[in-house]
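Subject: Structure for you to look at

Hello,

Here is the structure I said I would pass on. Please open it next to this email and follow along.

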Amino acid sequence: MYGLSLIFRAGTVLCALPLGDIVELMRPLPIQPLAGSAHYVRGVSVVRGVAVPVLDLGRLLGDFDTAAERFVTTKAGGVLAIGAVLGVRDVHPETGREAPSMGGVVAAVGVLDAEPLMFLDPDGVTRMVAAYAA
């Protein structure tokens, strides 16, 4: 299910997102905050002429801010604010391990270089983005 994935940090959490679910990786753009939005929504940004919601994965996964070093646009049409990009790796979750309950955003866990790795569920991320993309 995973294979080649973008490996990056969201806050202090190490994450993997399959390359097939990524449209673009870019430098962060200005964000306009939205009053009353969920804590993991930083606001909206204009990407290629379209206003899109920007989700902070650090806030979503661990309730801490991500120092946004990059934006990832997803096939769902939203933007994820992520921290340092560590590269592309061929990774696979450990079998027999349940994913922690994180709103359906994490599909599985694994280990990369002796550190926990959260395999993001593209469908779960899509649901979070879609809630604010409409």
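One open sheet has five strands in the order E8-E1-E2-E10-E9, and its pairing is mixed. Its edge strands are E8 (85-91) and E9, each of which pairs on one side only. Between neighbouring strands of this sheet the average turn is 35°, direction ignored. Keep in mind while you look that this is a predicted model.

As general background, strands of a sheet pair through backbone hydrogen bonds, either parallel or antiparallel. An example of the parallel sense is the pair E2 and E10, with three bridges. If you want a place to find this pair on screen, Cys15 stands opposite Met118 in E10.

There is also an open sheet of five strands in the order E3-E6-E7-E5-E4, again with mixed pairing. Here the edges are E3 (22-26) and E4 (41-47), and each pairs on one side only. Neighbouring strands in this sheet are turned by 30° against each other on average, direction ignored.

Take the E3 edge to begin with. E3 runs antiparallel to E6 (residues 70-74), and four bridges join them. Leu25 is the residue that stands opposite Val72 in E6.

Now the E4 edge. E4 and E5 (residues 50-56) are antiparallel and joined by six bridges. Within this pair, Val44 has Pro53 in E5 as its bridge partner. Is E4, an edge strand, largely enclosed or open? Five of its seven residues are buried, so E4 is largely enclosed by the rest of the structure.

The loop between E4 and E5 holds Arg48. These two strands form a hairpin with two residues between them. Arg48 is not a glycine, yet its phi is positive, at about 55°. Is Arg48 buried or exposed? Its relative accessible area is 68%; the cut-off for exposed is over 50%, so Arg48 counts as exposed.

Asp113 can be described in a similar way. Asp113 lies in the loop between E9 and E10, and has a positive phi of about 50° although it is not a glycine. With a relative accessibility of 63%, Asp113 is exposed.

Next, the inside of the protein. How many residues does the largest nonpolar core have? The count is 24, and the residues with the most contacts inside this core are Phe8, Leu57, Leu61, Leu80 and Leu120. At least two core residues come from each of these elements: strands E1 (3-10), E2 (13-18), E7 (79-82), E9 (106-112) and E10 (115-120), together with helices H1 (57-62) and H2 (122-133). Another core lies apart from the largest one and has nine residues, including Tyr2, Leu14, Ala108 and Leu112.

Last, the confidence of the prediction. The protein chain has an average pLDDT of 86, and 89% of the residues score at least 70. Where is confidence lowest, and where is it highest? The lowest mean, 72, belongs to H2, and the highest, 95, belongs to E8. H2 is also one of the elements that supply at least two residues of the largest core, while E8 is an edge strand of the sheet described at the start.

Regards

How values were computed:
Residues are numbered from 1 along each chain as its sequence is written. This is a predicted model: local features need pLDDT of at least 70, side-chain atom pairs count only at pLDDT 80 or more; totals for chains, interfaces and linings use all residues. Side-chain values use heavy atoms; hydrogens and water are left out. Two strands pair if DSSP finds at least two bridges between them. Axes are lines fitted to C-alpha atoms, for helices over the stretch in contact, and angles run from 0 to 180 degrees between N-to-C directions. A nonpolar core is a set of buried Ala, Val, Leu, Ile, Met, Phe, Trp, Tyr and Cys residues joined through side-chain atoms within 4.5 Å. Buried means under 20% relative accessible area, exposed over 50%, partly exposed in between (1.4 Å probe, protein chains only). pLDDT is the predictor's confidence in each residue, from 0 to 100.
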